[in-house]
Amino acid sequence: MKKLGLTLGGGGAKGLSHLAFLKVLDELELKPHIISGTSIGGMIGAFYASGVTASEMHRKISELGFLGLLKFARISGFRQSGVLSSKGIEKYLEQNLPARYFEDLEIPLKIVSADFWNRKQIVFSRGALIPAIISSISMPGVFPPVEINSRMFIDGSAVNPLPFDIIKNDCDVVAAIDVSGEKTPVNDKNIPGIIGTILNTFQIMQSAIVYEKTQRFMPDIYIKPRLENFRVLEFDKYEEILSSVSEDVSIFRSLIGEFFKL
């Protein structure tokens, strides 16, 4: 059978929709040969590569909610380079993520982060897993940069929000789920607030990166759910986010079926 490479993109709370697509793979009993992910895509990819099914992840969200994770992330103030601290999320991962090292994973995983001072992409695929995840989700202004081996890292979406290119040589079929979403005006004046301006500008940059990447190499399966006007920190809307991608999930199921004769 062909080897499936799965890429889970970054998008904050919108990334919870990844679970709907992972459920398709579980139902079809199709195990990816390799997974790549950025930001929340890297976090969800780590759980999945550890052997946690999409349904189990959904149950964890229903019981605690990723909103609960944000409650763990205490307010730190801008003097700490971010509004929130990632210590609570780190603790949650220590308590709930089955694997501690990349080498412990059932499925090979690559997580993208950005080297803050060198301004380059870094791909984690060996060693300690949790620091790599935390570095990849550290959105500028929201979470402070993460120090690993005397180097500072921020959210991987700053350099590669949909890292399908880093696994194209490791598999036969590349499937990429782009959860960057869509943004439309939310008021008559068409003027966003300061936080919305900062976060949406970051997402504009991400979209530009993905566009340029797809001009050079298009994944075999590329899915971009509309996910209109969901904010990156609206984890409390996880059920609404999941239900909004039903049509895209059907398309994904059909395409996977065609490629793998299922």
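**Reading a predicted chain: surface, helices and confidence**

Author: In this predicted model, Ile194, Ile195 and Ile198 form a nonpolar patch of about 330 Å² on the surface.

Reader: Where in the chain is Ile194 found, and is this residue buried or exposed?

Author: Ile194 belongs to helix 7, which covers residues 194–216. A residue counts as exposed when its relative accessible area is over 50%. Ile194 has a value of 66%, and it is therefore exposed.

Reader: How should one read the direction in which helix residues point?

Author: Since an α-helix has 3.6 residues a turn, residues three or four places apart point the same way.

Reader: Which residues of helix 1 are buried?

Author: Helix 1 spans residues 18–28, and its buried residues are His18, Leu19, Ala20, Phe21, Leu22, Val24 and Leu25. Just after this helix, Glu29 adopts a positive phi of about 55 degrees.

Reader: How many helices and strands does the chain have, and what share of its residues counts as buried?

Author: The chain has nine helices and eight strands. Of its 262 residues, 53% count as buried. The accessible surface of the chain amounts to about 12,700 Å², with 52% of it belonging to carbon and sulfur atoms.

Reader: What part of the contacts joins residues 24 or more positions apart?

Author: Among contacts with a separation of 6 or more, such residues account for 76%.

Reader: What pLDDT does the chain average, and where is the pLDDT below 50?

Author: The average is 89, and 90% of the residues score at least 70. Over residues 75–79, however, the pLDDT is below 50. In the model this stretch has ten contacts beyond near neighbours in sequence.

Definitions and conventions. Residues are numbered from 1 along each chain as its sequence is written. This is a predicted model: local features need pLDDT of at least 70, side-chain atom pairs count only at pLDDT 80 or more; totals for chains, interfaces and linings use all residues. Side-chain values use heavy atoms; hydrogens and water are left out. Buried means under 20% relative accessible area, exposed over 50%, partly exposed in between (1.4 Å probe, protein chains only). Helices (H or I, at least four residues) and strands (E, at least two) are DSSP runs, numbered from the N terminus. Patches are made of residues with over 30% relative accessible area and no salt bridge: like charges are joined within 9 Å, nonpolar side chains (Val, Leu, Ile, Met, Phe, Trp, Tyr) within 5 Å. Accessible areas come from the Shrake-Rupley method with a 1.4 Å probe; for residues, only the protein chains shown count as cover. A salt bridge is a side-chain nitrogen of Lys or Arg within 4 Å of a carboxyl oxygen of Asp or Glu. Contact means heavy atoms within 4.5 Å. pLDDT is the predictor's confidence in each residue, from 0 to 100.
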